[in-house]
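Got your viewer open? Load the model, pick a cartoon view with sticks on demand, and follow along one selection at a time.

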Amino acid sequence: MAENQVQSQKGYSVFDFMQDFGTEDKCEKTLFNWRFPQGYVCRECSNTTYCQLKCRKLLQCNRCGHQHSLTSGKLFAHSKLPLTKWFMAIHLLTQSKTELSAMELKRQLGVNYDTAWKVKHKLLQAMKESEDKSKIGGIVQLDYVYWGGEHRGGKRGRGAGGKTPFLAAVALNEKGHAIAPKHLPRHLAEYCFRFNNRFNLRDIMPRQAKAAVRTPPMPYKLLKLAEVRG
Ligand SMILES: [Zn+2]
């Protein structure tokens, strides 16, 4: 049965995570490999050699001198948050069985609420953009989804004020992966992302992180607007 497969699979523990992403150096190396899977290529002149400026953590092309950071133009750009905290946020978000509140993320990361909210919604945006690319087809599975209701100090879980339960009809493709309609709200995208990766807890973290690496940055105002409008 599908549920047993999900429950009995080997998980990805905090120890595994710390082994892979526990230091800023490890996160930077991983990010570099994801961003340049074929090795460094200058985006200005396509040269393939570079040097690393230690003082400002910039990569500089050896031919044209173009400089950029590992995170520039991507979701993590303009963030003062260390990569270790971004990666930990991805780990917590992807390994949690249910939706992770911004308040819980605040506690786990040791950051303020606004930072936790932004981190969470930027990562959900990456999930959404990743899921939006899927195509419609296959059979349909029904499940309960709770949408909204997250605010400071509120009751949490099923009885939380402002949370709207609705029955989500998720179309499945031939591999049994959930398929989302275009432009679906971020929370529904999170549900689809979890559902699609339920058989592979070890891969879901890098999958989400790679989606984040591919996603352009979204300014806070747009992030808020898109959430309200779904
Ligand atoms: Zn160059």
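Start by selecting helix α2 (residues 14–21) together with α3: in this predicted model, their axes come within 7 Å and cross at roughly 75°. Roughly perpendicular covers angles from 65 to 115 degrees, so that is what α2 is to α3. Now turn on side chains where the two helices meet. On the α2 side you want M18, Q19, D20 and F21, and on the α3 side K26, C27, T30 and W34. Colour the contact of α2 with α3 by class and you get four nonpolar, two polar and two charged residues.

Stay on α3 and click L31, which belongs to that helix. Buried or exposed? L31 counts as buried, because its relative accessibility is 2%. Show what it touches beyond four places in sequence: L70, T71, F76, L83, F87 and V213. Take T71 from that group and draw a C-alpha to C-alpha distance from L31: it comes to 8.3 Å, although the two are 40 residues apart in sequence.

Next, zoom to the zinc ion. Which atoms coordinate it? The SG atoms of C42, C45, C61 and C64 do, at 2.3 to 2.4 Å. Check the angles between those donors while you're here: they run from 104 to 114°, so the arrangement is tetrahedral. For reference, the ideal value for four tetrahedral donors is 109.5 degrees. Along the sequence, the donor residues follow the spacing C-x2-C-x15-C-x2-C. Pick out C45 and C61, a pair that links distant parts of the chain: C45 sits in the loop between α3 (24–35) and β1 (50–53), while C61 is in strand β2 (residues 58–61), 16 residues away. Switch on a surface and compare their accessibility. C45 is partly exposed, because its relative accessibility is 22%. C61 has a relative accessible area of 1% and is therefore buried.

From C45, step along to S46, also found in the loop between α3 and β1. What is notable about its phi? Phi of S46 is near 65°, a positive value in a residue that isn't glycine. Most residues other than glycine have a negative phi. With 52% relative accessibility, S46 counts as exposed.

Go on to N47, in the loop between α3 and β1 as well. N47 counts as buried, because its relative accessibility is 11%. Hide its neighbours within four places in sequence and see what N47 still contacts: Y40, V41, C42, C61, N62 and R63. Two of the zinc donors, C42 and C61, are among these. Add a C-alpha distance from N47 to C64 too: the label should read 8.3 Å, for a separation of 17 residues along the chain.

Now select H66, in the loop between β2 and β3 (67–68). H66 has 18% relative accessibility, so it counts as buried. Beyond four places in sequence, H66 touches C42, R43, E44, L59, Q60 and C61. Here too you'll find C42 and C61, both of them donors to the zinc ion.

Finally, zoom out to the whole protein chain. Cartoon view gives you nine helices and six strands. Of its 230 residues, 42% count as buried. If you build a contact map, expect residues 24 or more positions apart to account for 63% of the contacts with a separation of 6 or more.

How values were computed: Residues numbered from 1 in each chain as written. Predicted model: local features only at pLDDT ≥ 70, side-chain atom pairs only at ≥ 80, totals over all residues. Heavy atoms only, no water. Donors = N, O, S within 2.8 Å, 3.2 Å for Na, K, Ca; no water. Tetrahedral: all angles 85-135°; square planar, octahedral: opposite > 155°, others 65-115°. Helix = DSSP H or I, 4+ residues; strand = E, 2+ residues; numbered from the N terminus. Buried < 20%, exposed > 50% of the residue type's maximum accessible area, 1.4 Å probe, protein only. Axes fitted to C-alpha atoms, helices over the stretch in contact; angles between N-to-C directions. Parallel < 35°, antiparallel > 145°, perpendicular 65-115°, else oblique. Contact = heavy atoms within 4.5 Å. Nonpolar A, V, L, I, M, F, W, Y, C, P; charged D, E, K, R; others polar.
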